[in-house]
Amino acid sequence: MSSLARPLDDRDESASRRPLPAPIDERRGTAAMTLFIATEAALFLMLFFTYFYLAPGDWRWLTEEPPKLPLALTMLAVLVTSSVVLHWAEKKERAGEPRRARAGIGATVVLGLVFVAIQIFEYRDHLKTLKPWTDAYGSIFYTLTGIHGLHVVTGLAMLVYVLCLPVLRPADRAPFSPLHNAGLYWHFVDAVWVLIVALVYVLPNLR
Amino acid sequence: MAGLEQRLEGIWGGEPGIRGWFSTVDHKKIGLRYLVTAFLFLLVGGIEALILRTQLARADANLLSPEAYNQIFTMHGMTMIFWYASPILSGFGNYLVPLMIGSRDMAYPRLNAFSYWVFVLSGLFLYSSLAIGQAPHAGWFAYVPYTTSRYSPGLNMDFYALALLFLTISTTAGAINFIATILRMRAPGMAISRMPLVMYSTLTTSLSVVFSLPALSAACVFLELDRRWGTRFFDVHHGGQPILWQHLFWFFGHPWVYIVFLPATGMISMLLPVFSRRPIVGYPYVAVATVLTAVVGFGVWVHHMFAVGMTQLSMSFFSAASMTISLFSAVQVFAWIATLWKGRPVRTASLLFALGFIAALVIGGLNGIVTAVIPVDWQLHATYFIVAHLHYVLVGANVFPVFAALYYWYPKFTGRMLDERLGKASFWVMFVGFNVTFFPMHVTGLLGMPRRIYTYPAGSGWESWNVASSAGAVILSAGILMSVWNFLASRRAGALAGANPWNADTLEWAIPSPPPSYAFEHLPTVRTRHPLWDEWDELDDPSGERILDRGGRRLTLVTSILDARPKAVATMPGDTLTPLWAALALTVLFVALLLRIPWVALAALLLTALASAAWLWPEKEVAKIA
């Protein structure tokens, strides 16, 4: 299927013995992930812009009935913990302990699922009083948190992919540092939730 | 060295046959596909324009119904702006960027193939709307509330929002690819101060894409949610804001103007010095002006909204920022004029197109300054004056540079020269046709003819100007067809080009035309801005250190971002069908979203994820190279 799979071309001795002028590149995937995160960050910037743009001049709907804090803060705790666990897993992987690393990734996936479960539970509570079509606030509230939820699911898919890999750091497949890249994305999704809690949940409660 | 060529060809050449055609990740093949596909979209958009001009050639015409007219002018705008103007530049970029920087492929070859497939499939998705008579019909910027479900039931605007979201995936992936390629894959020694100028424009516009396109995505998501799920983003009665659409759309839309403009100026900055037989005047100024155009371009979007009603202060700010842009364009224009002035210009067809571009850009720039003045803008808003302005800028600053670039690089693409006489004739016909079409629109605009009307009453005083515009459109089309004939016929009949027919200065001219799959036998090193004009032998590599054929793997060099010191060897992926599968799964997803079949959409999403996983999956039989 791929030219990489072709047999070694060792007939020409001069070709295979020639030394490589430099080590194998390990950061190509990370570069792509960084740029992908940049464009995702711009997307959330637009969503936050919309959130504040739709607020009338006197910021009335921030004070009308602010969203309840406890569940959002619980979700924040879950997500921050998951980031710490994932960071630990990355450290273990670098230290050459793939089993512990895999355990850490598994724990992160479980915490991510807990987050999604709480979000569904929170939505059911919210939906009693506020629907996406109630008003513009409802629209942006559910869109912003919902799109974040989709990002959590995407991050989970990446982590599950990493868990399925036969080897976490294939010796000769250096451009892929899958755990590191999925980790970057997960930390980004985590950071966005910090912003959402601060701007959408905490700020209105301060008024 | 025949053995070396064969070995490299064995590593980099793809599989033969149909399967190889679909599975290739070679940037040269993908680049040509981008060029051909985008050019076809140009022709389709051109046919739509001709239909519109036929309708407008006389007063009280009834060739098209108002609805048909709306659909066709919207499709014309969307096709030209989204499926032609940007993708054709991606085509040049795909083909030329790796060769110009001395690399063997883009940073992410599979992502590159994926970008192309998504681009084609999103275009087919959009055009399927025309087939069922429900094409988008609210102009390319689709203002709410015209586009909400209340005023536009039917699938028309759903096609609009979904097709653009679909295309966004391709454009973003392409931009990420360009950024990583230009920053990481340059030949050793090609410090950032020695890059060909088109790298500055490609890099700058790619960064603009990364940061501005999400605004369009957000706007399209909101529109779909409002239309389909009854959310209230644009519903005034429930706290929504129709102006939100305009802000988001133009926050994306104005940077987009530079996205389809700057790479074109970059290409001019490559070929104009070659035909002037001297290096460009003011390289650093042109580079900085390019970057600043895009940076300030993020702060001018409100000039599309002067008629909305905003505070004096914010309008003054955006008016001033809009005028600032003309300074940066002027820096580039004066650099080109000075280059021509100080050089010994060779009057090729390509240079003629470049000169036509400069003339059109100056007119389009000047009438742009006129429209940046708020009181004047209020008079001219939504008249044909704006149509004249945007066509001078977009046709002038995209189509003419694209033709200049085609005449310049066609020998590299095909190994054959184009017919210069036919090319020059084609230019003059196009240039005359272009001005006869669009210059009278300034007048019809000043006379008060609104844009987007499907017909106008007799006796309005607009008839003769419209006849001129319609006649001009026919002349312009004839000019384009002359070049199309030239492109087709020269593939066989053209004189052999050789490696460097123009005696040009950049690295793509150091290798045979058309280039072999591996591009460079020995990866080049660079010491100046004009590799082929200096005394340095870029390909000199006596110990064969930079052949990189070890282990039968596809390899190329990675260098540091600023000074391009060799840092690492990149292992490049092989050919695969997975990007095509991912793109097809995405197509199913968007069709399912359009037809509201949630389970199919979910399944398609899952398939996309699986295809992506297969695409990234490490391959087993990997030769040891380190």
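**Note on the predicted two-chain model**

1. With 15 C-beta neighbours inside 10 Å, B:Arg277 counts as partly exposed, and in this predicted model the residue sits in the loop that links helix H9 (262–276) to helix H10 (283–297) of chain B. Although B:Arg277 is not a glycine, its phi is positive, at about 60 degrees. That deserves a second look, because most residues other than glycine have a negative phi.

2. The two helices on either side of that loop also pack against each other: H9(B) and H10(B) meet at an angle of about 170 degrees, and their axes are 11 Å apart. Since angles over 145 degrees are counted as roughly antiparallel, H9(B) is therefore roughly antiparallel to H10(B). On the H9(B) side the contact involves B:Leu262, B:Gly266 and B:Ser269, which meet B:Val286, B:Thr290, B:Thr293 and B:Ala294 of H10(B). Sorted by class, the residues of this contact are three nonpolar and four polar, with no charged residues.

3. A second arginine in chain B deserves a similar check, namely B:Arg452, which has a positive phi of about 65 degrees although it is not a glycine. B:Arg452 lies in the loop between helix H15 (420–446) and H16 of chain B, and, with 14 C-beta neighbours inside 10 Å, this arginine counts as partly exposed.

4. Two peptide bonds that precede prolines in chain B should be inspected as well, given that most peptide bonds are trans. The bond joining B:Val144 and B:Pro145 is cis, with omega at about 0 degrees, and B:Pro145 is placed in the loop between helix H5 (109–131) and H6 of chain B. The bond from B:Ser513 to B:Pro514 is likewise cis, with omega near -10 degrees, and B:Pro514 is found in the loop between helix H16 (463–493) and S1 of chain B.

5. The loop between H16 and S1 of chain B also holds B:His522, which counts as partly exposed with 17 C-beta neighbours inside 10 Å. Once neighbours within four places in sequence are left aside, B:His522 is in contact with B:Leu539, B:Asp541, B:Arg546 and B:Ile547. A further relation spans the chain: the C-alpha atoms of B:His522 and B:Gly102 are separated by 9.6 Å, while the two residues are 420 residues apart along the chain.

6. Following that loop comes a pair of strands, in which strand S1 (residues 555–559) of chain B is joined by five bridges to strand S2 (residues 566–571) of chain B, the two running antiparallel. S1(B) and S2(B) form a hairpin with six residues between them, and in its turn B:Ala564 has a positive phi of about 55 degrees. B:Thr559 stands opposite B:Pro566 in S2(B).

7. Which way do H6(B) and H7(B) run relative to each other? Helix H6 (residues 156–184) and helix H7 (residues 197–229) of chain B pack at an angle of about 155 degrees, with their axes 8 Å apart, and they are therefore roughly antiparallel to each other. H6(B) passes H7(B) in a left-handed crossing. The residues of this contact divide into 18 nonpolar, six polar and three charged.

8. A roughly parallel arrangement is seen for H4(B) and H14(B), where helix H4 (residues 66–100) and helix H14 (residues 384–414) of chain B pack at an angle of about 30 degrees, with their axes 11 Å apart. The crossing of H4(B) past H14(B) is left-handed. H4(B) contributes B:Ala85, B:Ile88, B:Phe92, B:Tyr95 and B:Leu96 to the contact, and H14(B) contributes B:Leu394, B:Asn398, B:Val402, B:Ala405, B:Trp409 and B:Phe413. By class, this contact holds 10 nonpolar residues, one polar residue and no charged residues.

9. Chain A, finally, has seven helices and zero strands, so that its pattern, read along the sequence, is α-α-α-α-α-α-α. Of the 207 residues in chain A, 34% are buried. Among the contacts in chain A between residues at least 6 apart in sequence, 79% join residues at least 24 apart.

Notes: Residues are numbered from 1 along each chain as its sequence is written. Chains are lettered from A and ligands numbered from 1 in the order in which they are written. This is a predicted model: local features need pLDDT of at least 70, side-chain atom pairs count only at pLDDT 80 or more; totals for chains, interfaces and linings use all residues. Axes are lines fitted to C-alpha atoms, for helices over the stretch in contact, and angles run from 0 to 180 degrees between N-to-C directions. Helices (H or I, at least four residues) and strands (E, at least two) are DSSP runs, numbered from the N terminus. Angles under 35 degrees count as roughly parallel, over 145 as roughly antiparallel, 65 to 115 as roughly perpendicular and the rest as oblique. A crossing is left-handed if the near helix is turned anticlockwise from the far one by less than a right angle, and right-handed if clockwise. Two residues are in contact if their C-beta atoms, placed from the backbone, lie within 7 Å. Ala, Val, Leu, Ile, Met, Phe, Trp, Tyr, Cys and Pro count as nonpolar, Asp, Glu, Lys and Arg as charged, and the others, Gly among them, as polar. A residue is buried if 20 or more other C-beta atoms lie within 10 Å of its own, exposed if 12 or fewer, and partly exposed in between; C-beta atoms are placed from the backbone. Two strands pair if DSSP finds at least two bridges between them.
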